[in-house]
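Trainee: I should like to learn how to read the packing of a protein model. May we work through one together?

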Amino acid sequence: MSPTIILITVVAYFVVLFAVSFFSGHQADNAAFFTGNRQSKWYMVAFAMIGASISGVTYVSVPGMVNVSGFGYLQLVMGFIVGQLIIAFILTPLFYRMHLTSIYQYLSDRFGMASYHTGAWFFFISKMLGAAVRLFLVCITLQLLAFGPLDIPFWVNVIFSVGLVWLYTFKGGVKSIIWTDSLKTLCLVVSVVLCIYFIAHDMNFSFMTMMKKVGDSTYSKVFFFDDVNDKEYFFKQFFAGIFTMVAMNGLDQDMMQRNLSCRNYRESQKNMIISILLQFVVVATFLVLGVLLYFFASAHGIKDIGDKLFPVVATGGYLPVIVGILFIIGFVSSAYNAAGSALTALTTSFTVDILGIKGKSEAQVSHIRRQVHLGMALLMVLTIIVFNILNNTSVIDAVYILASYTYGPILGMFAFGMIIRKPVRDKFVPVVALAAPCLCLILDENSERWFNGYHFSYEILIFNALFTFIGMCLLIKKEEHTTQKAIKKL
């Protein structure tokens with residue numbers, strides 16, 4: 001594919017995206033930006049959440065990883081299903097009952113302002129770095145395929161990419177995100193299914209032949225029970241999936257902002273159950289595509305593997321041009337929408353949690369929100385440029401590890417608040433939240449020497465939360481009658 005066709009495809013997608021954003025965000029106020037006025041249809045949110053859970057990293061990495069882990073990623077997704085049920089039936093009713101705009105307001109009501117700001121800052125750091133890493137992948141891919149061949153500098157690419165995200169989220173916030181995520185889901189599903197069709201057709205596979213070839217291949221292994229030290233070991237992946245889902249979805253303002261836009265918690269529960277089951281099907285489809293890509297690469301002498309395989313096969317002229325166009329649409333929709341929702345969530349959390357909106361008029365909040373929204377976009381540009389200066393694309397592989405260190409304290413704080421019904425010394429909570437990741441880093445660095453070769457994977461999140469929970473237990477103070485009575489209401 002020529003760079004011009006790629007850029008035309010990107011621009012065409014954004015024309016549609018801007019149209020959807022404009023009409024869905026028309027006359028949107030602050031409540032629409034933050035919570036979608038709590039009027040979103042549950043089935044729309046369920047459909048949107050399928051795409052919301054899939055980033056540009058997932059789009060290229062999941063198909064590419066089958067040569068290393070087969071279908072082992074489904075073990076993690078099985079854990080996601082259990083984690084989603086915990087979110088649906090424990091966290092969601094609580095958040096709706098408290099009428100929260102930001103979920104971190106729970107920490108203020110339960111512990112105090114120090115805990116509240118600690119949770120908000122941990123989310124802010126994690127989401128900014130995570131979103132920047134994901135958009136960084138998009139920028140370097142577009143630089144390779146389009147901007148580079150046209151001699152356009154990387155920093156122009158970054159400003160262009162973040163600028164587009166800022167523009168389509170500027171007005172409507174969550175109200176627009178639900179609709180744009182629905183468009184993203186449609187683009188993802190159509191692009192992956194049609195890519196599978198064209199690759200299977202090129203290799204003369206019927207549907208039944210294709211499924212038999214995939215099922216009989218060495219790539220189709222799902223469960224790994226052989227070696228507890230293996231990163232793919234089932235119980236590592238499954239339990240990490242549970243806690244990762246609770247932390248990165250249930251305690252993430254970005255993801256919960258969508259769920260809290262439904263009219264009530266029962267509709268939100270329907271959305272979450274349906275969306276996670278459909279997500280399992282979509283991820284399995286990505287893995288089937290991955291197997292076909294490796295079959296195709298072997299047949300055509302393509303040496304690229306991992307994250308490079310899907311882009312090379314789709315845009316390298318091996319298949320009809322429509323396959324490359326479908327890849328660009330799916331890739332761009334997954335990546336830019338993920339960045340857009342992150343920008344909206346960062347704006348909401350920073351405005352509500354860190355700056356505060358209590359006592360301010362609608363006009364004042366709107367002014368602050370717009371300034372924060374622009375500031376978040378500029379900070380994202382700077383972060384991506386720093387990643388490029390470091391010239392270390394391996395940071396992409398660190399998304400889940402990064403989440404394990406930054407979401408762990410949030411998970412531990414929420415878990416303590418719901419399980420242990422006692423007040424704590426709020427001013428020391430930030431110390432505990434900072435100490436827990438440090439202890440996890442020491443544990444991770446020495447685990448192979450201390451535990452006979454055992455190597456931690458994403459399950460380090462569990463220990464991070466556990467250390468935070470234990471630290472909170474050490475901060476328990478004597479209860480006062482009025483304090484205990486207030487806690488029981490939460």
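Mentor: We shall take the nonpolar cores, one residue and one helix pair in turn, bearing in mind that this is a predicted model.

Trainee: Which residues have the most contacts inside the largest nonpolar core?

Mentor: They are Phe-14, Tyr-59, Phe-95, Leu-292 and Ile-384, in a core of 143 residues. Helix H8, residues 113-147, supplies the largest share of this core, with 18 residues. Apart from it lies another core, of six residues, including Leu-443 and Phe-456.

Trainee: What does Phe-14 touch, not counting residues up to four places away in sequence?

Mentor: Phe-14 touches Leu-164, Tyr-168, Val-332 and Tyr-336.

Trainee: Is Ser-191 buried or exposed?

Mentor: Buried means under 20% relative accessible area. Ser-191 has a value of 1%, and is therefore buried. This residue belongs to helix H10, residues 174-202. Beyond its neighbours within four places in sequence, Ser-191 contacts Tyr-59, Leu-326 and Gly-330. Ser-191 and Leu-326 are 135 residues apart along the chain, yet their C-alpha atoms are separated by 5.0 Å.

Trainee: How should the angle between H8 and H9 be read?

Mentor: An angle is oblique if it is not under 35 degrees, over 145, or from 65 to 115. The axes of H8 and H9 (residues 154-169) come within 10 Å and cross at roughly 125 degrees, so the two helices are oblique to each other. Their crossing is right-handed.

Trainee: Which residues make the contact?

Mentor: Among them are Leu-135, Phe-136 and Phe-147 of H8, and Phe-154, Asn-157 and Val-162 of H9. The residues of this contact comprise 10 nonpolar, three polar and no charged.

How values were computed:
Residues numbered from 1 in each chain as written. Predicted model: local features only at pLDDT ≥ 70, side-chain atom pairs only at ≥ 80, totals over all residues. Heavy atoms only, no water. Core = buried A, V, L, I, M, F, W, Y, C linked by side-chain atoms within 4.5 Å. Buried < 20%, exposed > 50% of the residue type's maximum accessible area, 1.4 Å probe, protein only. Helix = DSSP H or I, 4+ residues; strand = E, 2+ residues; numbered from the N terminus. Contact = heavy atoms within 4.5 Å. Axes fitted to C-alpha atoms, helices over the stretch in contact; angles between N-to-C directions. Left-handed = near helix turned anticlockwise from the far one by under 90°. Nonpolar A, V, L, I, M, F, W, Y, C, P; charged D, E, K, R; others polar.
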